[in-house]
Amino acid sequence: MNGGNGLGDRQKAVLVLLLLAGKVIAGEFDCIIEPSRSVDVRAASEGLIEKVWVDRGDVVKSGQVLVTLDSGVERAATDAARYRSTMQGRIKTGESRVEFSTTKYLRREKLAGQSFISLHDRDEALTEKRLAEAELVEARDDRRLAEIEHRRLSEQLRLRTLKSPINGVVVDRLLHAGELADNRDLRKPILRLADVATLSVEVLMPLDAFGKLAVGQTADVLPEVPVGGRHKATVKVIDRVHDPASGTFGVRLELPNPGLKIPAGIKCKASFANVTARPATPPGTVPRSETRPPVSPTPPKL
């Protein structure tokens, strides 16, 4: 029984050594967790904010209405353009004139063939018929232009309603109902959104790790306390331009975030199975390769 207990202690010691060795093989590197996308919501045109439908911390979906601007003038102009695009008066008048002038011309053409009227009268009827046809074409063109104008004003009216371009959360709300949304002021959007359904993990790697990573490779991400845990991420970007001052390069990981359990903007550690973290040299110590044996002083000559 005692021998069995001793063997168990040795096994535990071996396991501890293996775990420590694993930590050395799979190095942990500093990283930060960020939203995959951040969007500033601004108005396409200047206008008074009528209502902001969301607030800070709200979860939004793509296409959801976020802000409506006052649009009374634009709505009236759109209604007028829609009415003009459906008007039939000028077209009906043009069709009647074409029908009448065509009948008149055919009658005079027959009379001119029998020499009852002059060719001049016949030519006048033909000209009147052609002018009526041209007026009908112009009336139809005007209605077509009215339809295009209606579409243009409808698009302007649509821009008075701001919708979410992403699935995410509202990070900040900078303007409220009654304030002026100025599309020329880029420093102050109405809302700030962040896509946190998928997170980006920015990792700082030493130069000797370059060539050991590949796009599509998996890595472990360990968020700082109190989030904690170990989460799988995928390498998406490996920087090809390095920083010579710090001897590092950047790597971006893609981290799924189902249920939005992991917040963005926190520090973390990233672990790659095939990359070893370089051990830090304690301050004030000299590397082994640079140590030299002490030189004994030369005895004075007698």
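Q: Why is Phe-210 called partly exposed in this predicted model?
A: The relative accessible area of Phe-210 is 33%. Buried means under 20% and exposed means over 50%. The value of 33% lies in between, so Phe-210 is partly exposed.

Q: What makes the pair of Phe-210 and Phe-249 edge-to-face?
A: The planes of Phe-210 and Phe-249 stand at 90°. Over 60 degrees counts as edge-to-face, so the label follows. The centres are 5.4 Å apart, and the limit for a pair is 6.5 Å.

Q: Where in the chain do Phe-210 and Phe-249 sit?
A: Phe-210 is in the loop between β8 (191-206) and β9 (218-223). Phe-249 is in strand β11 (residues 248-256). They are 39 residues apart, and their pair links distant parts of the chain.

Q: How do you know whether Phe-249 is buried or exposed?
A: Its relative accessible area is 2%. That is under 20%, so Phe-249 is buried.

Q: How many aromatic pairs does the structure hold?
A: There are 2. One of them joins Phe-29 and Phe-272, with ring centres 6.3 Å apart and planes at 50°.

Q: Why is the pair of Phe-29 and Phe-272 called tilted?
A: Stacked needs under 30 degrees and edge-to-face over 60. The angle of 50° meets neither cut-off, so the pair is tilted. This pair also links distant parts of the chain: Phe-29 lies in strand β1 (residues 28-41), Phe-272 in the segment after β12 (266-271), 243 residues apart.

Q: What makes Phe-29 buried?
A: Phe-29 has a relative accessible area of 7%. The cut-off is under 20%, so Phe-29 counts as buried. Its partner Phe-272 has 0% and is also buried.

Definitions and conventions
Residues are numbered from 1 along each chain as its sequence is written. This is a predicted model: local features need pLDDT of at least 70, side-chain atom pairs count only at pLDDT 80 or more; totals for chains, interfaces and linings use all residues. Side-chain values use heavy atoms; hydrogens and water are left out. Rings of Phe, Tyr and Trp (its six-membered ring) pair if their centres lie within 6.5 Å; planes under 30 degrees apart count as stacked, over 60 as edge-to-face and the rest as tilted. Helices (H or I, at least four residues) and strands (E, at least two) are DSSP runs, numbered from the N terminus. Buried means under 20% relative accessible area, exposed over 50%, partly exposed in between (1.4 Å probe, protein chains only).
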